[in-house]
Each structure stands twice: as structure tokens, then as C-alpha cells.
Amino acid sequence: MSISTLFENYSEFRHRHPDGDVPHNPYKWAMAIDLDACSGCNACSVACYAENNLPVVGREKFAHGQVMHWMRIERYWDQDGREFPDRGARYLPMLCQQCEAAPCETVCPVGATNHTPDGLNSQIYNRCIGSRYCSSNCPYKVRYFNWWDYPSTDNVWPAEMNMQLNPDVTVRGKGVMEKCTFCIQRIRGAEIDAKTQGRLVRDGEIQTACMQACPTSAISFGNLVDPESKVHKQWRAQQVELDKHEQVKDEEPGGTDLRGYRIYEWLAPYPSIMYLERVRESEI
Amino acid sequence: MMNSDFDRRDFLKVLGWGGTAVALTGCGNGMVESGKETVVSYVETNDYMVPSVSVYFNSTCAQCDAGCSITGRIREGRVLKLEGNPDSAINRGKTCGLGQAGVQNHYNPDRIRAPLLRTGNSGEAITWEKAYALIDEKLKGVSGNEVAFLTGGMSGHLKVLLGNYMDSIGSKNHFAYEAIGPAVVRAANKKSYGVEMPRFNISKARVVLSFGADFLGAWVSPVNFSQQYAQFRKGADGHKRGVLIQVESKMTITGANADRWLVVRPGTEGILALGIINALDAHGVNIPGDIAAAVKGYDKDRVSRDTGVSAEQIDKIADILKERTPSLVLAGSAAEGYAHGSQNAAAINLLNQVLGNVGKTVEAAAVVPFPQMAPATGNTAALKALNDGLSAGKYKVLFSYGSNPVFTSPAAMKFKDNMARADFKVVFAQYLDETALQADLVLPLDSALEDWGTQIPEYMAEGAQINILQPLMEKLHADTRGMGDILLALVKQRRAEEYKPFDDYYGYLRAAVLQNKAALGGAHQADNDIFWNETLSKGIIKLDGAQHASLSVKSGAAGLSLPEPSAIDAQYPLQLIPSVNASLRDGRNTNQPWLQESPDPLTTIVWDSWMEIHPKKAAELGIVEGDIVEVTSKSGSLKVQAYIFPGIHPDAISIPLGRGHEAMGRYAKGYGVNPFQILDMVYDKETGELAMHETRVKISKTGERVIVVKDEGPVGGNQEGQKIVPLMPTDKANLSKEI
């Protein structure tokens, strides 16, 4: 194989997950987030704390960059030199993009982070040795390291607060990396239920915690290989293809009127989250 | 009917159905259950709990007064998470971050666990029996008008019980106080539309013009409005995507989502509203003669000069409002916070009238037909009245529930000192907050996830509904009580006979609901137990046949007079905008760590307070991010870190409310500053409400500098040329193609 062949067929070689001729059968979990609906309210983020046993690190550790929010809202301003941001702000819910060719996976010395057959980028806590290479390599900076043993840290989960911990989710100790799992406990629960009943998971059966809380229903989640799922239809309507790092629609002269895009798509991590561009009225 | 012989009318009043012509079933209500379940240890199996399988119970969120219905996930007897209940028209299955944190209010380690009686400077734990006896004793020899009862907004059977208790002690001094409620807007709405709180159909509007109404943040019913907003953006009924224009002096989260955010000189919102009416007139919209005459002087050049909004922009707003109907104009907290707040709100409401929105996007809300239970909304005028009374030594016994006035009143009001003038102060609280610390007797409350209750939201989304609160798990602490149980015990001290049938508040509520079964949708259900369980299971009583209030549109031009924009005060040149964050609001939820660590949506700051200042003003004063500045008003001063923020008028600064606690708990105490403390006591001229935005300040650098603890990175909100959050203009986007 020559280098030029490798570059020409880059996406084919990069797209390694899962192996085999029939990828993602029967599930490929994916998301679409409508930034025109997202108001930046943070409800998703708090819901994630509640669902996934995220520790509250406190002021000092937050200042040291040790916050553990798997779902965070990024806020951007227009950079056009105007005196006031009279087009408002721009909000972005940022979470693990569950990349198909995840840059974090290839650098893990112990294979603690790897790909599941249903298209999740998973993190095996008890295999993780805390090298943090994955976090360095993540273009989205959505991996969070346990610098402290939060369960035994004062005022993280003091008596009574610990009763709120979700028994379906591990409480992580010092020295391991963690990140958004697409609420894998909810996914596995539904997959197992479906399997016992001899059927596939129905669209809408799984809601991630962030999606369930979202007051503007900006987040949709579902099985990308199910042609009846909302997520599949959204991706299709936006002509965003999972295994491409350049979309055909973006080649159109004058640009596309479709809002779907993926962040850092050109890096070819093949993220599983499609965002829909924020819109602003032209006539005002 | 029952073992007592008081008459039926009294009985209705006792149960909260008084003052109404509602159909009552007339049949007996049978036995009243105690509501106490046997506690079963998990070593014995039971048929309603399977280890590792979650069960779900419906209740009502009590983190704010919007009345969102929630579903609690319970496993092995512990409530783990709250989700929205999809059956409620208010929140339709959704929750906000504040609502999510309800479990942290419940499991909070700083809850009070036993009644505390003050002895000198310390509190001694006493029994409830002793506490009740003490209250009884202290009320002896005190006349009814010497007793005052301070609460937050109240509704449902709790309000009924409180009303009956106040009646029993012969007191009319119930003060309902909300520090940041939309009290001026309520009064203005009453004048403009005939109702205090109409329904706002954001989803049906094609343009929303909001004057400082933070409807996506903390205003009235944000989860309902957020869902409507999402529909509005998608463009319902074949319409194009809705357009949001937000007018305010400090950007709120709603402003951050606007298509056009217009910064106005603080206090000139009403002038801009009249200027837009004037421009609509010029654009050929048919304006009633008297209104046209009233806005005659508000030509766009003058309005532009007064408000700072360009004449071109005023024309554009008039154009879009004329073209795209129906629209919706909202008057919010930022517009009402002035001495002329009522006039501002009236001028803004007038826009809805001239645009023909009343009856379309401003509609009459459904009304729960039980006036005794209707929400008693709070305001700051009530606190002022109470404070004046305390200061004059009128009240010997003070009760306080659901508010924290020592924290939320301006220091200049001297509420803490005046409170001390009452001989006996009883505070019902979950935490030892600033007000509880001043009490003689502190009575610990159940959390909202342990308590029973009914609630009627002020903002009714669709049909009328009564929300049910029920315990989602066993009580965490043996010695806390629900407020309903406490009031029942207190009212029994006075009217033992009437309340004898009810062992506890649960029994009272059950009897009340069953007594009025037919009116509550239970006519078909003969079996009381089944109906009661159905009601609890749903968590909502929908009153399908409830009447809607009727709107009466009055021309509001008469009596409108807006002051000229105030000149800059040489000594105190900046306007202080105390901002309301959707999570922390008036500070009652600050001890919930998820909320402390949830970044402010505008600045991304956590765990601390800050002062927002425009880059231009900051450069002028030589202030950079993290500088500790002293902010001084006529009434006080505080020191706070500066944050350079483009979304604010250069002649204003903003400090968020809710932080700066000196008590309450480990997650609240000692974080940030409390701007309530330095507010000047200026009141709205018509309603007497505290004008929250009327404080003028000066700032000076202290020379100290800190690193601001925030979520945004070192480059602030800059995408550095990357396509992270691109924007698409509407003339390009085609939303109709979308799923």
C-alpha cells in the first residue's frame, strides 16, 4: 500500500469500528443537537450530574481545571468587533462525540477505552491506569480525569447526599479517566429488555438524561442504522454521512442551505453527534 | 357525616372548597386514614418492591413556584432522580437544572433535624410537643393583630390551612413576600388585560418582542416557555421561524438567544415601546386615536436619543411587527424595576393592544374555581408593610415560612433589627439560613420530596390543574415535619373540634379531595380508594371544565407618563442591575452544590459572584478581569471580582443575586456577595414595589486581583476561526426541509 493510496482512501482505512462487513448491526447510537433550539440553560448538564454520579469538585478544584462535567455548555461571542453582541451569544452543548475512529482509543496503552459493537466509545474504569493520553488526544476535550478520590473527599457526597447516587452507575475512584457514555446504563437496560422480548429497541425507548431534561427538546438520540428512527431521518435529511470526513453537500458552490454539521469533521474522527447550525433572522 | 357537629359550610371552608359554587358529591367521605405506612425492613420481601428495579411516583417540583410536574425514580426506597412528568401541560416531561437539583435539597447534609429553641446565642433541641406548647403559650395574651405571618407565594391546601389558622387567632396579617416576583408586571397586566397573569402563546407568535422578560431563564414559567420557544423557532403551522427581539440593559439568557439583542439605556424601556408605537403609526398600522395622540411626542429621533437604540433599528422593528402577525410583546423584570416601572410595563403592554395580540398571543388563562386555594403571589410591598409594622413595634409574634428576608431585603430596610423587636419569632425552615438564625424558635421542615400537598401554579399553561405533592420516599430525619402537619397542629390548638377528624395533613388532604370528588374528575369512580390512588398516581388533577378568565382590553394610553431618562449622577455614575440567574434566583437554592457548580450561562462563572462591566467602561476605568472592585451605593458597599462582559450597557454594572450567604449551609456560606444588601430603597410609584434597578453606584479598584473561576477557556468566547458553532442567516436556512 502506498502512502498516496492511504491518503486517497483515508476514510476507508480510518473507519475501523466495528470490524466486519456488517457494521453496527443492529445498533449504532447517535445524536443530533439543534443549536437553534438550544438556549444554553444548563439543564442537560445538571441532569447529567444527577444521572451519572458526577462529583461536585468545588471552587478550588474547578479553578485548577478539575471539573468533571461530562456535558458542558460552551458559550461563544461573535468576533466582528461590534460594540455589543447584538446577535446574542452562541451556545454549544459539548459532550463526548462517541467518535467512530476515536483519537483517544488508539493511544490508550492498556486498551481501557475502545469501541463497542453498537458504536459507543466506552471507558473501562478498572482497566484504566490513568496515563491520560486519551485526554491529550481528544480534540473535543471531553475526557475528565479523577485527580482525587472523590467518594472520600469532604463534602462531595457527605452523608445523605450519597443516598442519591445512581446504583446503575459506577462511582469512580482516584486515577481513572471518565467521560460521557451516552447514558450506557439506560442503553444496556433497554437493549436487554428488547432482547428478552425478542425484538429490537424501539425509537424513543431510550432517552439520555440530557435529552430527557432538555426544556427545548434540542437533543435527539437514537439508532442511526434504524431507518425509522428520528436521528436517522435527521442525519439523512441533512445529508451528513457518518463515515465521511468531507460531506458531498459541502462541495456545492455557494454552500449548502442544510444546517447539519459535525465539529472537527476534517480531523476524521467520524463523530456520532451531528449539530444543526444556529440560525439568525436576516431581516432584523 | 362526621363525628363533629359543626355545619357543612364550615366544613367546606375547612377543606378549602369554600367561597365557590362548585358541585360537591354530598356523600360521606368515610374513614380518614392515618397516612402512616408500616416501615418494612428489606429483609422481608414485599410485593411492591423488587431490588434493582426502579419504581416511579409523580409529584410536583417545589424548587420554584412554576409548578412543573415531576416523576421521581425510586429504587430500594431511595429517590434517585427527578424527571418531568409528560402529562403536565406546564412542563410536558421536561425539567430545568434547578428542578434537577431538587434531590440535593432533599438529601442536603445541612438540613435542620430537630426543633431548636434559642437560649442566649445558641439553639437547644426541643421536642415538637414543647415547641407547639410554646407557640400556644406565646400567643396567649397577644391579640390577633399583634401576630404576623410571613410566607413566600402560597397556594393549595397549605394556603387554606394558613388562612384558617390566621382566622382562628384573629389575625389578618399574612404577608406573602417574593423577593424577585413579577409584581409590577402583574399589576400592569391587571390594568391592561384585566388579569394579572394571562397565558403567553409564544409558540403561536411570529415575532416576540421582549422588554427584559427572561422567559428562558427565571421568568414566571421558564420550562413551559422554553418548550414554546422551541416550537416558535421551528415555525409552527407553516409559518417561518419565529423572530425574537430582546430589549434590555444587561443580557439575560433570553437575550443571548435573540435574533436581535438591543441594549437600552436603563429605565427607558417604556419610551422605546411608545417610540415603536409611533413608528407603527408612521408605517401605516391603524392606531386608535387616543394612543396615537399619546405617542405623538415619541418620534424615532427623540426615542433614539433617549434610549440609545438607533432610529433605523426602530424602523426595522416596526416593519417586522407590521409584517409578521400575530406577535407577542412581553414586559419583564428589567422593565419593571424602576420608580416608573408600572408606567414602563403599561407602555409595553400597550404594544400588544395596538398590534392586536390580545386574544391571540395574550390569552385568558384557565382558572381553578376554588378561590380559597388560588395562589397568593408574593411581592416586596408586603415585606415593606411587615417591616414598617415590626419597626413600629406592632407585632409581638412573627412567623416566617418559605422566605429569607434577612438575606433578601436591602440592608437599609434594617429588617434584621426590626425583626428583633418582635418578642417571639418562629421560623419554619429546612436550613439555618440568615432569617432562621434570628428566630427564637426554629421548626425543621420536611423536604418537598417527603411532604404532602397541593399546589396551584400562578401561570396556568392550558387547562386548569391542581398539582399534587406526595412523598417520594420515607422521611430522612425522624424529627422534621411537613408544613401542612405543623399548620394542622397549630390550628387544632384553636379549633380542635373542627379539625379533630384529621389525624394529620395526609388525612386532611385525602378527605378534602374525596369530599369534592365529582368536581375533581372523579364522578365516574364510586370507590374512594381507587379515585384517591388514581389521583396520586397521576400527580395532577386536571379540571377540564374550568372556566377561563376573561380578558378586558382597556386603552392604557390614559394616564401614561414616562419620565425623561435620568441624568447621570456625578457621585454615583453607574446603574446597578442585580441580575437573576435561573438556578440561584433569590438565594433559596444556593446550598445545592450542583447549582453552585453549574456555570452561569452568560459568564460561565461558578461558585462566586462577579460584577459585569462593559469592555469600554472597563478600559476607561482601567479595570481588567479579576480585579477586585469596591461597589458603593448610597446604602452600602461590597467587594467583588470584575468580569468584562460585552452584553451590558456601558453606564450599568450587574451583580447576580443568590450568592453571598452568611449562613444556610456548607455549599452556600461564604461564596460571593449579596447585592440585595446594597440596594437603595426606591419604590415603584404606583405599586409600592421595591424598584430593584434603581440603585446607583460608584466603583473603585482595590488593587487586589484574583483569577476568575469559570468554565470558558483563556480565549473567552472566541472560536479562533474554527467551525464550532456556525451561524446561518434565515435567508439561507430552509427549516421546512427538516425533520
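Helices and strands are here DSSP runs, of at least four residues for a helix and at least two for a strand, and they are numbered from the N terminus. Counted in this way, chain A of this predicted model holds 9 helices and 11 strands.

The overall form of chain A can be described with a few numbers. Its C-alpha trace spans about 60 × 55 × 45 Å along the principal axes. For a chain of 284 residues, a compact globule would be expected to have a radius of gyration near 19 Å, and chain A agrees because its value is 20 Å. Of the 284 residues in chain A, 49% are buried. Contacts that link distant parts of the sequence are also well represented: among the contacts in chain A with a separation of 6 or more, 63% join residues 24 or more positions apart.

Turning to chain B, a pair of helices gives a good view of how elements fit together. Helix α9(B) has 14 residues, and the distance from its first C-alpha to its last is 20 Å, close to the 20 Å expected at 1.5 Å a residue. This helix is mostly covered, with 12 of its 14 residues buried. The buried residues include Glu269(B), Asn278(B) and a run of others such as Ile271(B), Leu272(B) and Ala273(B). After α9(B) comes Gly284(B), which has a positive phi, near 90°.

The partner, helix α12(B), covers residues 311-323. Its 13 residues reach 18 Å between the first and last C-alpha, close to the 18 Å expected at 1.5 Å a residue. In α12(B), the buried residues are Ile314(B), Ile317(B), Ala318(B), Ile320(B) and Leu321(B). An α-helix has 3.6 residues a turn, so residues three or four places apart point the same way. The buried residues of α12(B) pack against several elements of chain B: the strands β9 (207-211), β10 (243-248) and β12 (327-331), together with the helices α9 (269-282) and α11 (300-307).

How do α9(B) and α12(B) meet, and at what angle do they pack? Their axes lie 9 Å apart and the angle is about 65°. The crossing of α9(B) past α12(B) is right-handed. On the α9(B) side, the contact is made by Gly275(B), Ile276(B), Ala279(B) and Leu280(B). The α12(B) side supplies Ile314(B), Asp315(B), Ile317(B), Ala318(B), Leu321(B) and Lys322(B). Sorted by class, the residues of this contact are 7 nonpolar, 1 polar and 2 charged.

Definitions and conventions
Residues numbered from 1 in each chain as written. Chains lettered and ligands numbered in written order. Predicted model: local features only at pLDDT ≥ 70, side-chain atom pairs only at ≥ 80, totals over all residues. Expected span 1.5 Å × (residues − 1). Buried ≥ 20, exposed ≤ 12 C-beta atoms within 10 Å, placed from the backbone. Contact = placed C-beta atoms within 7 Å. Rg over C-alpha atoms; globule rule 2.2 N^0.38 Å. Axes fitted to C-alpha atoms, helices over the stretch in contact; angles between N-to-C directions. Left-handed = near helix turned anticlockwise from the far one by under 90°. Nonpolar A, V, L, I, M, F, W, Y, C, P; charged D, E, K, R; others polar.
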